[in-house]
Amino acid sequence: MTQKKFSTAWKASTQPRKQRKYNHAAPLHLKQKYLHVHVTAELRKKYGTRNARVRKGDKVKILRGQFAQKEGKVERVEIKRTRLFITGAEIIKKDGAKVPYPIHPSNVLIMELDLGDKKRKAKLESTSPISSRKSEVTS
């Protein structure tokens with residue numbers, strides 16, 4: 001008999017062990033939610049949202065760790081590992097090869113959003129306080 005790895009009925013636990021287990025065993029559609037990152041104060045005012053899902057192409061600032069205060073573009077996002085790979089955050093191996101260093105999304109701040117995707121742009125602008133004011137004026 002196989003043991004169930006992920007429980008949808010699980011509500012909360014004060015035990016870090018169980019919280020880590022829940023996060024690790026979560027399916028990808030829930031792990032994707034862990035990739036929401038805070039945005040700068042200017043973007044918060046502009047779009048009326050505190051955070052956004054980080055994507056390849058977004059310009060971010062690293063806030064913690066050995067690469068703190070560095071800014072760069074997101075090269076790759078690994079949903080399964082909940083990690084980001086950012087240009088400029090690289091480790092040099094003994095043989096001289098540069099390897100991108102994985103960074104957790106909680107240690108990052110979005111400076112610029114990549115608005116190449118029409119759906120993403122529409123979603124951000126639908127929550128925008130500016131767009132809601134325009135609709136009130138016209139009606």
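Tutor: A pocket here is an open set of grid points where a 1.4 Å probe fits, with protein on both sides within 12 Å along at least five of seven lines. Its volume is the space filled by probe spheres set on the points. The model above is predicted.

Student: How much space lies in the second largest pocket, and what makes a residue part of its lining?

Tutor: About 240 Å³ of space lies in the second largest pocket. A residue belongs to the lining if it has an atom within 4 Å of a point. Those that pass are Asn-23, His-24, Lys-31, Tyr-34, Lys-80, Arg-81, Thr-82, Arg-83 and His-104. By class, one is nonpolar, four are polar and four are charged.

Student: Why does Tyr-34 of that lining fall in its class?

Tutor: Tyr counts as nonpolar under the classes used, so Tyr-34 is a nonpolar residue.

Student: What is the volume of the largest pocket, and which residues are closest to its centre?

Tutor: The volume of the largest pocket is about 310 Å³. Of its 14 lining residues, His-36, Ala-52, Arg-53, Arg-120 and Lys-123 are the closest to the centre. The lining divides into two nonpolar, six polar and six charged residues. Helix α4 gives the most, with five residues, and both β2 and α4 supply at least two.

Student: Why is the contact of Asp-58 with Arg-120 called a salt bridge?

Tutor: The cut-off is 4 Å between a side-chain nitrogen of Lys or Arg and a carboxyl oxygen of Asp or Glu. The N to O distance for Asp-58 and Arg-120 is 2.9 Å, so the pair qualifies. It links distant parts of the chain, with Asp-58 in the loop between β2 and β3, Arg-120 in helix α4, and the two positions 62 residues apart. By this rule the count comes to five salt bridges.

Student: How do you know whether Asp-58 and Arg-120 are buried or exposed?

Tutor: Buried means under 20% relative accessible area. Asp-58 has 0% and Arg-120 has 10%, so both count as buried.

Student: What makes Glu-71 and Lys-59 a salt bridge, and which parts does the pair tie together?

Tutor: Their N to O distance is 3.6 Å, which is within the 4 Å limit. Glu-71 lies in strand β4 and Lys-59 in strand β3, so the pair ties together parts 12 residues apart in sequence. Glu-71, at 41%, is partly exposed, and Lys-59, at 28%, is partly exposed too.

Student: Why is Glu-78 called partly exposed?

Tutor: Partly exposed lies between the 20% and 50% limits, and Glu-78 has a relative accessible area of 21%. Its partner Arg-81, across an N to O distance of 3.3 Å, has 46% and is also partly exposed. Arg-76, Glu-78 and Arg-81 are linked in a network of salt bridges.

Student: What makes β6 and β7 edge strands?

Tutor: The open sheet has five strands in the order β6-β5-β4-β3-β7, with antiparallel pairing. Strands β6 and β7 each pair on one side only. From one strand to the next the twist averages 55 degrees.

Student: How do you know that β5 and β6 pair?

Tutor: Two strands pair if there are at least two bridges between them. Strands β5 and β6 have five, in the antiparallel sense, so the criterion is met. Leu-84 stands opposite Ile-103 in β6.

How values were computed. Residues numbered from 1 in each chain as written. Predicted model: local features only at pLDDT ≥ 70, side-chain atom pairs only at ≥ 80, totals over all residues. Heavy atoms only, no water. Helix = DSSP H or I, 4+ residues; strand = E, 2+ residues; numbered from the N terminus. Buried < 20%, exposed > 50% of the residue type's maximum accessible area, 1.4 Å probe, protein only. 1 Å grid on protein atoms, 1.4 Å probe; cavity = no way out; pocket = protein on both sides within 12 Å on 5 of 7 lines; lining within 4 Å. Axes fitted to C-alpha atoms, helices over the stretch in contact; angles between N-to-C directions.
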